[in-house]
Amino acid sequence: MQLYHHPYSLDSQKVRLAWEEKGIDYTSFHMNPITGKNLRPSFFRMNPTAKLPVFQNGSHVIFDTIEIIQYIERIAVVSVNNDSIAFSSDEVIQWMHKIQEWNPKFFTLSHVPEKYRQAVSKFFRRVLIARMAESPDLASSYHRKLKEAYHTEEKLRDPEVVRRSKEHLIRLLDEIEDSLSKTYIAGEEFSMADRLSKTAYIAGEEFSMADVMFIPVLARLALLNLEDEYINSRPNMAKYWSLVQQRPSYKKVIGRYFGGWRKYRTLAKTWCFIRLRNTLKKY
């Protein structure tokens with residue numbers, strides 16, 4: 001089983017968290033979307049959208065994030081002889097879809113300094129043009145991707161697009177804050193010792209795939225230095241965020257790249273790569 005992904009991709013983080021939580025081995029391939037590695041002809045032929053992640057098991061290829069996670073669940077149930085492992089409930093699945101409805105693209109890009117955003121966008125377009133010349137049989141697909149890049153830049157200049165993305169995020173955060181609040185209140189009937197032994201997650205007292213879907217959203221807000229505005233201003237979510245960061249899956253999938261000072265190393269590495277390629281005109 002192979003997973004094509006990258007730490008910069010929110011959906012990749014969701015899928016990798018699911019893999020780690022289920023304890024299933026897979027072969028990992030990093031495809032940095034900022035440097036254009038996901039535009040290489042061999043990958044682009046399999047996935048003309050160039051979006052990440054992509055899961056492959058033999059001839060079976062899945063592009064949809066939730067479908068990949070549900071496939072992982074099926075593997076876990078079949079391969080691990082443990083009664084505690086079960087499929088996600090209807091409530092969890094509903095939360096998964098609700099979280100996935102928020103597209104982080106425009107919100108994220110709107111918080112990236114324009115200097116860096118424009119430089120990356122220009123580099124990305126040059127990579128696309130170079131790939132068109134290298135692989136004429138894929139030229140039409142690359143051209144569609146190029147039009148998409150220009151369209152993204154146009155939409156970012158529309159404040160209404162960014163406003164709608166922000167409002168959607170706020171509604172999602174508020175709904176989850178309310179859900180976490182209900183979970184904490186429900187625990188008040190227990191003794192203090194019992195309450196300390198409980199954990200409050202999105203769909204109840206057990207960690208679920210709904211949490212797998214949501215943790216990367218909070219990690220993205222932290223990466224953009226927006227914790228105080230969006231996380232810490234919601235007391236239950238602040239407790240939840242502190243709790244989930246202690247999970248081994250978080251530390252392996254997100255913390256090792258974006259925890260503390262590590263985020264500067266990760267971002268600087270990509271930025272230096274782009275500057276060098278631009279200088280050498282190698283795309």
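These are my notebook entries on the sheet, one helix, the salt bridges and some backbone angles of a predicted model.

**Entry 1. The sheet**

I started with the strands. I found an open sheet of four strands in the order E2-E1-E3-E4, and the pairing is mixed. E2 (27-30) and E4 are the edge strands, each with a single partner strand, so one side of each has no neighbour in the sheet. I noted an average twist of 15° from one strand to the next.

I then looked up the pairing of E1 (residues 2-5) with E3, which is antiparallel and has three bridges. Which residue of E3 is the bridge partner of leucine 3? I found phenylalanine 55 there.

E3 and E4 also run antiparallel, again joined by three bridges. On this side I noted asparagine 57, whose bridge partner in E4 is histidine 60. The hairpin of E3 and E4 has two residues between the strands, and glycine 58 takes a positive phi near 65° in this hairpin.

Last for the sheet, I checked what covers it. Helix H1 lies across E1 and E3, and I recorded an angle of about 145° between H1 and E1.

**Entry 2. Helix H3**

I took H3 next, residues 65-79. Its 15 residues reach 21 Å from the first C-alpha to the last, close to the 21 Å expected at 1.5 Å a residue.

What sits at the N-terminal end of H3? I found aspartate 64 acting as the cap, with a side-chain oxygen 3.2 Å from the backbone nitrogen of isoleucine 66.

I listed the buried residues of H3: Thr65, Ile66, Ile68, Ile69, Tyr71, Ile72, Glu73, Ile75 and Ala76. I kept the general rule in mind while reading that list: an α-helix has 3.6 residues a turn, so residues three or four places apart point the same way.

Against which elements do the buried residues of H3 pack? I found three helices and two strands there, namely H1 (10-22), H4 (90-100), H10 (209-223), E3 (54-57) and E4 (60-62). H3 therefore packs against two strands of the sheet in Entry 1, E3 and E4, when contact is taken as heavy atoms within 4.5 Å.

**Entry 3. Salt bridges**

I searched the whole structure and got 11 salt bridges. I looked at three pairs.

The first pair was glutamate 21 with arginine 247, whose closest N and O atoms are 2.9 Å apart. Glutamate 21 is in H1, and arginine 247 is in the loop between H12 (235-244) and H13 (248-258), so the pair ties together parts that are 226 residues apart in sequence. Glutamate 21 is partly exposed, at 25% relative accessible area.

The second pair was arginine 45 with aspartate 137, at 2.8 Å from N to O. This pair also links distant parts of the chain, 92 residues apart: arginine 45 is in helix H2 (residues 41-46), and aspartate 137 is in the loop between H6 (114-134) and H7 (139-156). Are the two residues buried or exposed? Arginine 45 is partly exposed at 46%, while aspartate 137 counts as exposed at 52%, because the line for exposed is drawn at over 50%.

The third pair was glutamate 160 with arginine 164, at 3.9 Å from N to O. Both lie in helix H8 (residues 159-186), four residues apart, which is about one turn of the helix. Glutamate 160 is partly exposed at 30%, and arginine 164 is partly exposed at 44%. I followed the shared partners and found Glu160, Arg163, Arg164 and Glu167 joined into one network of salt bridges.

**Entry 4. Backbone angles**

I went through the loop between H2 and E3, which holds alanine 50 and proline 53. The peptide bond from leucine 52 to proline 53 is cis, with omega near 5°. Alanine 50 is not a glycine, yet I read a positive phi of about 65° for it. Alanine 50 is buried, with a relative accessible area of 3%.

Where does lysine 281 lie? I placed it in the segment after helix H14 (262-280). Its phi is near 55°, again a positive value in a residue other than glycine. Lysine 281 is exposed, with a relative accessible area of 62%.

Technical notes: Residues are numbered from 1 along each chain as its sequence is written. This is a predicted model: local features need pLDDT of at least 70, side-chain atom pairs count only at pLDDT 80 or more; totals for chains, interfaces and linings use all residues. Side-chain values use heavy atoms; hydrogens and water are left out. The expected span of a helix is 1.5 Å times one less than its number of residues. Buried means under 20% relative accessible area, exposed over 50%, partly exposed in between (1.4 Å probe, protein chains only). A polar contact is a pair of N or O atoms within 3.5 Å; within protein, one must be able to donate a hydrogen and the other to accept it, and residues adjacent in sequence count only if both atoms are side-chain atoms. Two strands pair if DSSP finds at least two bridges between them. Axes are lines fitted to C-alpha atoms, for helices over the stretch in contact, and angles run from 0 to 180 degrees between N-to-C directions. A salt bridge is a side-chain nitrogen of Lys or Arg within 4 Å of a carboxyl oxygen of Asp or Glu.
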